[in-house]
Amino acid sequence: MKTNTNAAIIASLVSEASRAAILTVLLDGRYHPASELAYMAGIKPQTASFHLAKMVDANVVAVSQHGRHRYYGIQNQEVAQVMESFLSIAPPIKIKSLKQAKEDKAIRYARTCYDHLAGNLGVAITTSFLHKGLIDEKKEIFTITEDGKEFFTSFQIDLEKLKKKRRSFSHKCLDWSERRPHLAGALGNALLERFIELHWIQQLPKTRAIKITAEGEKGFKEIFAVDMSHSS
């Protein structure tokens with residue numbers, strides 16, 4: 001049987017430090033111009049453009065054209081899941097300043113992982129679902145129980161609509177900071193969007209970190225028994 005050597009192409013892309021930095025930034029699930037990615041990765045704009053072109057060619061990064069401007073984002077959830085898995089086994093970064101320490105703490109507390117919640121918040125909510133019997137844990141996925149179907153419907157999440165999407169429904173994503181899985185897939189994305197709609201969380205510019213609002217602290221505690229009152 002002939003093996004697929006194209007895996008080496010993907011591995012080589014991620015193994016380069018600047019490209020890994022760009023992909024880590026793009027785990028916020030948003031599209032960014034090359035200049036912004038260059039600044040956040042600590043490299044020159046022309047260097048960022050060179051790396052982005054390689055990742056677009058390999059279908060790791062997608063590009064969206066708006067007039068004369070180009071914006072880049074992660075191609076799909078599979079790429080995001082691979083990056084999150086790499087981060088879970090990578091050595092921790094060395095903290096060299098108070099600012100860096102605060103940013104690291106915020107990222108670990110609550111963040112986006114492509115298009116769903118991660119960090120302490122994401123894992124805590126997933127654990128709450130398990131304890132309440134709303135989902136069951138399988139080898140690579142979570143499945144919704146009958147009680148779960150009733151809960152998610154009451155939480156205004158259309159499960160049938162989500163199941164029709166051409167993507168994973170509720171797979172397990174290994175959280176790099178918590179070392180435990182959080183809920184991903186279409187259901188994980190729907191929850192993120194619902195929390196934003198309820199004004200429980202706010203996405204912050206130029207970071208994957210999530211701000212938990214006063215309404216969010218109350219909602220997470222009352223509905224999920226998750227205490228996020230120390231998010232600040």
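In this report, Ala, Val, Leu, Ile, Met, Phe, Trp, Tyr, Cys and Pro count as nonpolar, Asp, Glu, Lys and Arg as charged, and the others, Gly among them, as polar. With these classes, the lining of the largest pocket has 19 nonpolar, 3 polar and 9 charged residues. The structure described here is a predicted model, and the text moves from its pocket to its cavities, then to its nonpolar cores and helix 11.

## The largest pocket and Thr24

The largest pocket holds about 1300 Å³ of space. It is lined by 31 residues, of which Thr24, Val25, Ile93, Glu103 and Ile107 are the closest to its centre. Helix 2, helix 3 (34–41), helix 5 and helix 6 (98–109) are the elements that give two or more residues to this lining, and the largest share, 7 residues, comes from helix 6.

Thr24, one of the residues closest to the centre of the pocket, belongs to helix 2, which spans residues 17–25. With a relative accessible area of 25%, Thr24 is partly exposed. When residues up to four places away in sequence are not counted, Thr24 touches Met83, Leu87 and Arg208. The C-alpha atom of Thr24 is also separated by 8.7 Å from that of Ala80, although the two residues are 56 residues apart along the chain.

## Two cavities

Where is empty space left among the atoms? Rolling a probe the size of a water molecule over the atoms shows this. The structure holds 2 cavities of 30 Å³ or more, and the table sets out the volume of each and the classes of its lining residues.

| Cavity | Volume | Lining residues by class |
|---|---|---|
| Largest cavity | about 80 Å³ | 6 nonpolar, 4 polar, no charged |
| Second largest cavity | about 40 Å³ | 4 nonpolar, 5 polar, 2 charged |

The largest cavity is lined by His116, Leu117, Gly122, Ile125, Thr126, Leu183, Gly188, Leu191, Leu192 and Phe195. Strand 5 (116–118), helix 7 (119–131) and helix 10 (185–197) each supply at least two residues of this lining, with the largest share, 4 residues, coming from helix 10.

The lining of the second largest cavity consists of Gln77, Ala80, Gln81, Cys113, Tyr114, Asp115, His116, Arg167, His171, Cys173 and Gly185. Helix 5, residues 77–89, gives the most to this lining, with 3 residues. His116 appears in the lining of the largest cavity and also in that of the second largest cavity. Ala80, whose C-alpha atom was related above to that of Thr24, is likewise among the residues that line the second largest cavity.

Is Gln77, which lies in helix 5, buried or exposed? Its relative accessibility is 9%, and a residue counts as buried under 20%, so Gln77 is buried. Leaving out residues up to four places away in sequence, Gln77 touches Tyr114, Arg167, Ser168, His171 and Gly185. Tyr114, Arg167, His171 and Gly185 are also named in the lining of the second largest cavity.

## Nonpolar cores

The largest nonpolar core has 32 residues, and those with the most contacts inside it are Phe129, Phe152, Phe195 and Phe220. Two or more residues of this core come from each of helix 7, strand 7 (142–144), helix 8 (146–154), helix 9 (159–163), helix 10, strand 11 (210–212) and helix 11 (214–224). Helix 10 gives the largest share of the core, 6 residues. Phe195, one of the residues with the most contacts inside the core, also lines the largest cavity.

Which residues does Phe129 touch, not counting residues up to four places away in sequence? They are Leu134, Ile135, Phe151, Phe152, Leu183, Leu191 and Phe224. Apart from the largest core lies another core, of 22 residues, with Leu13, Ile22, Leu23 and Val25 among them. Val25 is also one of the residues closest to the centre of the largest pocket.

## The two faces of helix 11

In helix 11, the residues Gly216, Gly219, Phe220 and Phe224 are buried. Because these residues cover an arc of only 95° around the axis, they lie on the same side of helix 11. The face turned away from this buried side carries the exposed residues Ala214, Lys218, Lys221 and Glu222. What covers the buried residues includes helix 7, helix 8, helix 10, strand 10 (201–203) and strand 11. After helix 11 comes Ala225, whose phi is positive, near 60°.

How values were computed
Residues are numbered from 1 along each chain as its sequence is written. This is a predicted model: local features need pLDDT of at least 70, side-chain atom pairs count only at pLDDT 80 or more; totals for chains, interfaces and linings use all residues. Side-chain values use heavy atoms; hydrogens and water are left out. On a 1 Å grid over the protein atoms alone, a cavity is a set of points where a 1.4 Å probe fits but cannot get out, and a pocket is an open set with protein on both sides within 12 Å along at least five of seven lines; lining residues have an atom within 4 Å of a point. Grid points are joined across faces, edges and corners, and a volume is the space filled by probe spheres set on the points. A nonpolar core is a set of buried Ala, Val, Leu, Ile, Met, Phe, Trp, Tyr and Cys residues joined through side-chain atoms within 4.5 Å. Buried means under 20% relative accessible area, exposed over 50%, partly exposed in between (1.4 Å probe, protein chains only). Contact means heavy atoms within 4.5 Å. The arc is that of the directions from the helix axis to the C-beta atoms.
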